[in-house]
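Work through these exercises with the model open beside you. Try each task before you read its solution.

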Amino acid sequence: MQPSETWLIVGLGNPGAEYARTRHNCGFRCLDLLAARLGCKVDKGKFQGLYGKAVYEGRTVYLLKPQTYMNLSGRAVVQMSAFFKIPPSRILVLFDDISLPPGRLRVRADGSAGGHNGIKSIIAELGSQDFPRVKIGVGAKPHPQAELADWVLSGFTPAEEKAVASALGRGADAALCILSHGVSEAANRYNGSLPEA
């Protein structure tokens with residue numbers, strides 16, 4: 001990877017205080033931790049989102065929180081990536097995944113939406129699913145009949161929150177690892193890992 005590259009890192013979530021601590025907002029929370037590490041404020045309003053700019057190891061890194069609600073997240077991503085001429089291979093998306101238990105991470109180079117409406121929107125808008133991602137486990141629905149929308153907009157138990165808080169920090173680490181060392185190295189280091197006891 002060339003240090004002069006420009007990257008776009010997107011955290012997915014829903015705007016508004018009522019959604020802040022829900023399962024679906026782990027992408028926002030992970031991006032906030034990443035922004036703090038990079039000494040960057042994500043507070044400029046444009047591209048139907050809030051964004052900030054940082055420099056990491058010589059790379060320009062834009063951080064984006066779409067403000068369109070989850071199922072239209074791709075609009076902000078496609079506008080910003082087009083404006084700054086950033087290809088899908090350098091658009092990194094941080095988001096919640098119900099197929100992973102709370103506290104687990106999965107780094108992937110590409111792939112389908114897996115039922116996630118935010119990812120579905122990004123794939124549709126970019127016309128590509130070839131973008132890297134960090135998935136943050138939020139746990140499966142409590143029973144098959146449970147409404148998915150209700151589940152992802154619910155909060156965490158104290159035990160889940162503890163596991164997820166650790167995962168969010170490791171998710172930010174994984175994002176920086178992808179910038180420095182590439183997706184496969186980040187996957188080797190962070191996939192399936194659980195927090196230290």
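A crossing of two helices is right-handed if the near helix is turned clockwise from the far one by less than a right angle, and left-handed if it is turned anticlockwise. Keep in mind that this is a predicted model.

**Exercise 1. Describe how helices α1 and α5 pack: give the handedness, the angle class and the residues in contact.**

Solution.

Step 1. Locate the helices. Helix α1 covers residues 26-37. Helix α5 covers residues 158-181.

Step 2. Read the handedness. The crossing in which α1 passes α5 is right-handed.

Step 3. Read the geometry. Two packed helices are described by the angle between their axes and the distance between the axes. The axes of α1 and α5 come within 9 Å. They cross at roughly 55°.

Step 4. Classify the angle. Angles under 35 degrees count as roughly parallel, and 65 to 115 as roughly perpendicular. α1 and α5 are therefore oblique to each other.

Step 5. List the contact. From α1 come C26, R29, C30, L33, L34 and R37. From α5 come E161, V164, L168, G169, G171, A172, D173, A175 and L176.

Step 6. Sort by class. The contact of α1 with α5 has nine nonpolar, two polar and four charged residues.

**Exercise 2. Do the same for helices α2 and α3.**

Solution.

Step 1. Helix α2 spans residues 73-83, and helix α3 spans residues 117-126.

Step 2. Their axes come within 7 Å and cross at roughly 40°. α2 and α3 are therefore oblique to each other.

Step 3. The crossing of α2 and α3 is right-handed.

Step 4. On the α2 side, the contact uses S73, G74, R75, V77, V78 and S81. On the α3 side, it uses G118, S121, I122, E125 and L126.

Step 5. By class, this contact of α2 with α3 holds four nonpolar, five polar and two charged residues.

**Exercise 3. Which residues of α3 are buried, and what covers them?**

Solution.

Step 1. Pick out the buried residues. In α3 they are G118, I119, S121, I122, I123 and L126.

Step 2. Find the cover. It includes α2, β5 (91-97) and β7 (133-137).

Step 3. Check A124, which is also placed in α3. Exposed means over 50% relative accessible area. A124 has 60% relative accessibility, so A124 counts as exposed.

Step 4. Compare sequence and space. A124 and R75 are 49 residues apart along the chain. Their C-alpha atoms are separated by 9.4 Å.

Step 5. Look past the helix end. G127 follows α3 and has a positive phi, near 70°.

**Exercise 4. Which residues have the most contacts inside the largest nonpolar core?**

Solution.

Step 1. Start from a general rule. In soluble globular proteins, nonpolar side chains tend to be buried together.

Step 2. Go to the core. The largest nonpolar core has 36 residues. I9, L63 and V107 have the most contacts inside it.

Step 3. Name the main contributor. Helix α5 gives the most to this core, with ten residues.

Step 4. Zoom in on I9. Residues up to four places away in sequence are not counted here. I9 touches L31, L34, V61, Y62, L63, L64, L92, L94 and L179.

Step 5. Look for another core. A second, separate core has 21 residues, among them L64, M70, F95 and A113.

**Exercise 5. Is F28 buried or exposed, and is E160 buried or exposed?**

Solution.

Step 1. Place them. F28 lies in α1, and E160 lies in α5.

Step 2. Apply the cut-off. Buried means under 20% relative accessible area. F28 has 7% relative accessibility, so F28 counts as buried. E160 has 17%, so E160 counts as buried too.

Step 3. List the partners, leaving aside neighbours within four places in sequence. F28 is in contact with G11, L12, G13, N14, P15, K65, P66 and Q67. E160 touches R23, P102 and G155.

**Exercise 6. Where do Q48 and E57 lie, and what is the sign of phi in each?**

Solution.

Step 1. Q48 is in the loop between β2 (44-46) and β3 (49-56). E57 is in the loop between β3 and β4 (59-66).

Step 2. Phi of Q48 is positive, near 60°. Phi of E57 is positive, about 50°. Q48 is a residue other than glycine, and E57 is not a glycine.

Step 3. Q48 has 37% relative accessibility, so Q48 counts as partly exposed. E57 has a relative accessible area of 47%, so E57 is partly exposed.

Definitions and conventions
Residues numbered from 1 in each chain as written. Predicted model: local features only at pLDDT ≥ 70, side-chain atom pairs only at ≥ 80, totals over all residues. Heavy atoms only, no water. Core = buried A, V, L, I, M, F, W, Y, C linked by side-chain atoms within 4.5 Å. Buried < 20%, exposed > 50% of the residue type's maximum accessible area, 1.4 Å probe, protein only. Helix = DSSP H or I, 4+ residues; strand = E, 2+ residues; numbered from the N terminus. Contact = heavy atoms within 4.5 Å. Axes fitted to C-alpha atoms, helices over the stretch in contact; angles between N-to-C directions. Parallel < 35°, antiparallel > 145°, perpendicular 65-115°, else oblique. Nonpolar A, V, L, I, M, F, W, Y, C, P; charged D, E, K, R; others polar.
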